[in-house]
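Reader: I have a model open and some terms I want pinned down. Can you take me through how each one is earned?

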Amino acid sequence: MRKIELLAKIHDREGFDCGSELLNLFLKQTARQHADRGISRTFVLVDEENATPQPILGFFSLNLCQIKSEVLAPEEARRLPRDVSGVRLGRLAVAKSCQCQGIGKTLLVAAMEKFVEIYNTAGGIGLFVDAKDQYAKRYYEQFGFVPLPANEFELFLPLSTIQEALTSSS
Ligand SMILES: CC(C)(COP(=O)(O)OP(=O)(O)OC[C@H]1O[C@@H](n2cnc3c(N)ncnc32)[C@H](O)[C@@H]1OP(=O)(O)O)[C@@H](O)C(=O)NCCC(=O)NCCS
């Protein structure tokens, strides 16, 4: 059975390849250091039946973020104080051999669930993500992420969209 786990030593970081060297390197060299220092947390999707080191099918990382509400669309910004907090989906990647099988979607739903855990404890207006190119931007948009007015490659998934998505997927 597949499950989402916090990145740990038993996971095969070296064997992971999503086709983007920057994302591969983040997983291999940076993700655990960032977790140790409280900068971000990385979660991996693994198949429980596999022996150790467990192959990583995909991963995402999350960190807390502060934003100025003025960067949001005016109808969102109007209802908010000047400084608000959210959660940033810092990285999302799926192993090349497993792409286009719905794993990216599984990871996004898991990231939304993690967001809700944070929201239930400390609030947060939604998830933010930086898309690395047009392809990634279109990928996020199909899940309801909306580009910020000043930078189309920074996208926002509001709390209300997350709640609706999780209700319809449960
Ligand atoms: C982008 C990435 C995470 C997507 O993961 P994936 O597991 O291959 O994608 P999924 O199988 O979950 O795709 C789900 C749906 O999105 C569709 N889709 C995929 N990419 C799309 C795109 N760019 N635009 C529109 N739709 C897209 C799929 O066809 C699928 O639709 P369906 O459910 O109707 O068949 C993965 O391809 C990847 O890791 N790429 C390299 C790293 C990267 O670019 N990461 C993004 C960082 S900004």
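Author: Gladly. This is a predicted model. Take the shell around the ligand: its residues divide into 11 nonpolar, 7 polar and 3 charged.

Reader: How do you know which residues surround the ligand?

Author: The test is a C-beta atom within 6 Å of the molecule. By that test 21 residues surround the ligand. The closest are Q99, G104, K105, A136 and R138. Elements giving two or more residues to this shell are β6 (83-94), α3 (103-122) and α4 (134-141).

Reader: Which element gives the most to the shell around the ligand?

Author: That is α4, with 4 residues.

Reader: What makes a stretch of the chain a helix or a strand?

Author: A helix is a DSSP run of at least four residues, a strand one of at least two. On that basis the chain has 5 helices and 9 strands. From the N terminus, their order is β-β-α-β-β-β-α-β-α-β-α-β-β-α.

Reader: Why does the radius of gyration agree with a compact globule?

Author: Because a compact globule of 170 residues would have a value near 15 Å, and the chain has 16 Å. The two agree. Along its principal axes, the C-alpha trace spans about 50 × 30 × 30 Å.

Reader: What makes a residue buried, and how many of the 170 qualify, in percent?

Author: A buried residue has 20 or more other C-beta atoms within 10 Å of its own. Buried residues make up 28% of the chain.

Reader: What share of the contacts with a separation of 6 or more joins residues 24 or more positions apart?

Author: The share is 63%. A contact here requires C-beta atoms within 7 Å.

Note on methods:
Residues are numbered from 1 along each chain as its sequence is written. This is a predicted model: local features need pLDDT of at least 70, side-chain atom pairs count only at pLDDT 80 or more; totals for chains, interfaces and linings use all residues. Ala, Val, Leu, Ile, Met, Phe, Trp, Tyr, Cys and Pro count as nonpolar, Asp, Glu, Lys and Arg as charged, and the others, Gly among them, as polar. The radius of gyration is taken over C-alpha atoms; the globule rule is 2.2 Å times the number of residues to the power 0.38. A residue is buried if 20 or more other C-beta atoms lie within 10 Å of its own, exposed if 12 or fewer, and partly exposed in between; C-beta atoms are placed from the backbone. Two residues are in contact if their C-beta atoms, placed from the backbone, lie within 7 Å.
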